[in-house]
Amino acid sequence: MKPPSGAQPLLELRGLRKSFGASEVVRGVDLAVVPRELVFVIGPSGSGKSTLLRMCNRLEEPSAGEIWFEGQNILAPGTDLNAVRRRIGMVFQSFNLYPHLNARDNVALALIHVLKQPREEAHARAVESLRKVGLGDRGEAKPAELSGGQQQRVAIARALALEPAIVLFDEPTSALDPELVGSVLAVLRELRSAGMTMMVVSHEMGFARGAADRVVFMESGRILADGPPETIFGAGAPQRIREFVASVEHR
Amino acid sequence: MQGLIDTFFNIAVMAQYLPKVLEGMVITVLLAIAVVLTGLALGFVLAVVRSAGLRVVNVLIVLFADVFRAVPPLVILITIYFALPTVGLRFTGFESAWIGLSLVLAAFAEEVIWAGILSVPRGQWEAARSSGLGFAQAMRLVILPQALRLTIAPLTSRAIVITKNTALASVVAVGEILYQAQAAYSFSYNPSPLTLGAIAYLVLFIPLVWLGRWVETRFAWKR
């Protein structure tokens, strides 16, 4: 599943920076993601990895730099941000399901109001999308009636139903009880075999080792290392990365 | 004892002025409905506009809300009815009361609905906007359904308060309950019409207070 080298990037960050007041949390990041690639971003808390991810669909506005997506600079004035965002799925640490809607309507909402699909068609597609994450029979359930793992899978189904070109995952398993993590990672694994392009910020080192095409290590707002998991997790990796990985795996 | 009954519960006087007080009840109800509809609608619009985050507009909205929550409603009514004509704005008593009380209710409703919108977690906005929904769509489909549920109880109690303030309209010559009762009192030299007025208010507002209590238990902080 390793993408051919030299493929045209789907998403490319160039010299990206972000400051909150006086503190600069992302300090010049260059990163390219090619189609069908699974890029894992790891790093200590406060390293700027979540901010970096959230800039990719402009939930955070970059202070400087460029973001190219499907050949378009999405920071250019006049960019139709809603049109860009429907092509970029996003999955959050705290799921962010709409509590007043059942699982099916959570998934169908954007199908109806962004893609303008007829209600029946959107509902059918929503149930189909839920089925893919193993929740085809829970469409009528409200988020509060679902476990954390199920909620996160509904959130993934909600992102996938729009048929995005890439899905961004912001610590998708951090809020889950340990026994529920596996079900979410299983969905990620399936997406990878289906060829979905993904950028994942996470502390799941074991998963990154086995499933990622590339691992990016961030610290203090910069990328310190960027390479295949064998390199990043190998014995030859820089001391700082080995320390970090050890501290996460033995917490 | 007989004196007390003749003074406050004089059946003959009450019977004579009952039609006038009933007339007043109709006016009170009409004014109350007009004020609640206008005030809630205006407050809703202001809260939604405020959430768009336009600095200058928001300063004006906050100023409006603060002024109309600070000034006594009676002062506002008198200003509209007696002072605005000097600058060429002339309103009938009913219009003055309608406008004045609506503005007061709108000021409170705006604050309540704004607080409701703020109470919806940021992640809800982020989820909605990142799926390609625009600001107005996210507001209408995701934020408001959650925010309004929290505001139902406080808005109901606010609406009841403002409805009782329709009695202030008697000052600007609106023929509502208190005005009719006072007029009857001065014609008859007997306070029984005032008793009748009090009964009329009880008949109208006790059910509303009960409704408010029911709404509060039904919607209070349940998600």
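In this predicted model, Leu13(A) has Ile67(A), a residue of S4(A), as its bridge partner. The pair belongs to a longer stretch of ladder: strand S1 (residues 11-20) and strand S4 (residues 64-69) of chain A are joined by five bridges and run antiparallel. In general, the strands of a sheet pair up through backbone hydrogen bonds, and they can do so either parallel or antiparallel.

Zooming out a little, S1(A) and S4(A) sit inside an open sheet of four strands, ordered S2-S1-S4-S5 (chain A), and the pairing is antiparallel. The edges of this sheet are taken by strand S2 (23-33) and strand S5 (72-73) of chain A. Each of these two has just a single partner strand, so one side of each is left without a neighbour in the sheet.

Two residues of chain A stand out for their backbone angles. Most residues other than glycine have a negative phi. Lys116(A), however, is not a glycine and still has a positive phi of about 60°. Where does Lys116(A) sit? Its place is in the loop between helix H3 (103-113) and helix H4 (119-132) of chain A. Lys116(A) counts as exposed because it has 8 C-beta neighbours inside 10 Å, and the cut-off for that label is 12 or fewer.

Glu171(A) is the other case: its phi is positive too, at about 45°, and it is not a glycine either. This residue lies in the loop that runs between strand S7 (166-170) and helix H6 (178-193) of chain A. With 19 C-beta neighbours inside 10 Å, Glu171(A) counts as partly exposed, since a residue needs 20 or more to be called buried.

On the scale of the whole chain, chain A splits into domain 1 (1-87 + 169-251) and domain 2 (98-163). Domain 1 is thus written as two stretches of sequence, while domain 2 is written as one. The centres of domain 1 and domain 2 of chain A, taken over C-alpha atoms, are 25 Å apart. How many residues bring these two domains of chain A into contact? Nine residues of domain 1 touch nine residues of domain 2. On the domain 1 side of chain A, the touching residues come out as six nonpolar, one polar and two charged.

Chain B is built from nine helices and zero strands, so to speak a run of α-α-α-α-α-α-α-α-α when read along the sequence. Its radius of gyration is 21 Å, well over the 17 Å that the globule rule gives for 223 residues, so chain B is more spread out than a compact globule. The C-alpha atoms of chain B fill a box of roughly 75 × 45 × 25 Å along the principal axes. Of the 223 residues in chain B, 39% are buried. Looking at contacts in chain B between residues at least 6 apart in sequence, 80% of them join residues at least 24 apart.

Finally, the two chains meet. Chain B puts 16 residues into the contact, and chain A puts in 17 residues. On the side of chain B that touches chain A, helix H6 (122-130) and helix H7 (135-164) of chain B each supply at least two residues. H6(B) gives the most to this side, with six residues. By type, the residues on this side of chain B are five nonpolar, eight polar and three charged.

Definitions and conventions: Residues numbered from 1 in each chain as written. Chains lettered and ligands numbered in written order. Predicted model: local features only at pLDDT ≥ 70, side-chain atom pairs only at ≥ 80, totals over all residues. Domains from an automatic or database assignment. Contact = placed C-beta atoms within 7 Å. Nonpolar A, V, L, I, M, F, W, Y, C, P; charged D, E, K, R; others polar. Rg over C-alpha atoms; globule rule 2.2 N^0.38 Å. Pairing = 2+ DSSP bridges.
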